[in-house]
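Me: I have a model open and would like to learn how to read the way its elements pack. Could you take me through it step by step?

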Amino acid sequence: MRLSLDQGGTSRDLRLKCFLNDLSLAIKCQKENSPEIVRVAEKILQKTKKIGVSGRQVPRVDLPALRFFKESIAIAEGNSLPISNLSRSISALSEQVSWYQSTKSRSLKFLNGHANTQILGPLGLENRDDVVIGISLLSPNIEYPVHKHAPEEIYLVLSSGDWFQESRGWYSPGDGKLVYTPPNISHSMRANEKPLLTVWCLNGSKF
């Protein structure tokens, strides 16, 4: 594992540092289109300047949905440069993270059709409870169950899909765009004919 010394000698894996840098740049590129969302996202990302403790090793599981991972990365790489760079950083981290299935539904179709991982958070490469940064992959034509949680959340869309919020219904934000989810509102997302890949940032871990 390659380490980078930061903040008085604390170490952070270089691939993780690269991912966080590329995520920040991809978000900042949306400042003109979504200034308020970027402001919230930067507030969340500011917490990552402090390096967390190394996360516990979780056994790797080869989930069925991961067969679409390379395809989703290829789609993201064909996007704008910030998204393309971020997708490569995700690919570089993919052998280090542990993927898991959400318990929000026991539907076999859903379980076989999605995969989540945490980069930072209780199950992440850095174990922390002040922020959670994760990645979700949905197989084609899979819908994530409608749910809600206390922390506000930012999604960065890496490949095409639809989002649902109780205040506006279903809509398509577009590749490379940001989605803001206020605290405690019902929301969801779904893939269409292509797999959906998204990075999500939670302002806290109580979800």
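Me: What is the handedness of the crossing of H1 and H2?

Reply: A crossing is left-handed if the near helix is turned anticlockwise from the far one by less than a right angle, and right-handed if clockwise; here the crossing of H1 and H2 is left-handed. The axes of H1 (residues 14-28) and H2 (residues 35-46) come within 10 Å and cross at roughly 165°. That makes H1 roughly antiparallel to H2, a term for angles over 145 degrees.

Me: Which residues of H1 and H2 meet?

Reply: With contact meaning heavy atoms within 4.5 Å, Leu23, Ser24, Ile27 and Lys28 in H1 meet Val38, Ala41, Glu42 and Leu45 in H2. These residues divide into 5 nonpolar, 1 polar and 2 charged.

Me: How far should I trust the model, and how are its values obtained?

Reply: This is a predicted model, in which local features need pLDDT (the predictor's confidence in each residue, from 0 to 100) of at least 70, side-chain atom pairs count only at pLDDT 80 or more, and totals for chains, interfaces and linings use all residues. Residues are numbered from 1 along each chain as its sequence is written, and side-chain values use heavy atoms, with hydrogens and water left out. Where pLDDT is low, the predicted coordinates should not be read in detail. The chain averages a pLDDT of 91, but over residues 1-9 pLDDT stays under 50.

Me: In what order do the strands of the open sheet lie?

Reply: Strands of a sheet pair through backbone hydrogen bonds, either parallel or antiparallel. Here 3 strands form an open sheet in the order E10-E9-E12, with antiparallel pairing.

Key. Axes are lines fitted to C-alpha atoms, for helices over the stretch in contact, and angles run from 0 to 180 degrees between N-to-C directions. Helices (H or I, at least four residues) and strands (E, at least two) are DSSP runs, numbered from the N terminus. Angles under 35 degrees count as roughly parallel, over 145 as roughly antiparallel, 65 to 115 as roughly perpendicular and the rest as oblique. Ala, Val, Leu, Ile, Met, Phe, Trp, Tyr, Cys and Pro count as nonpolar, Asp, Glu, Lys and Arg as charged, and the others, Gly among them, as polar. Two strands pair if DSSP finds at least two bridges between them.
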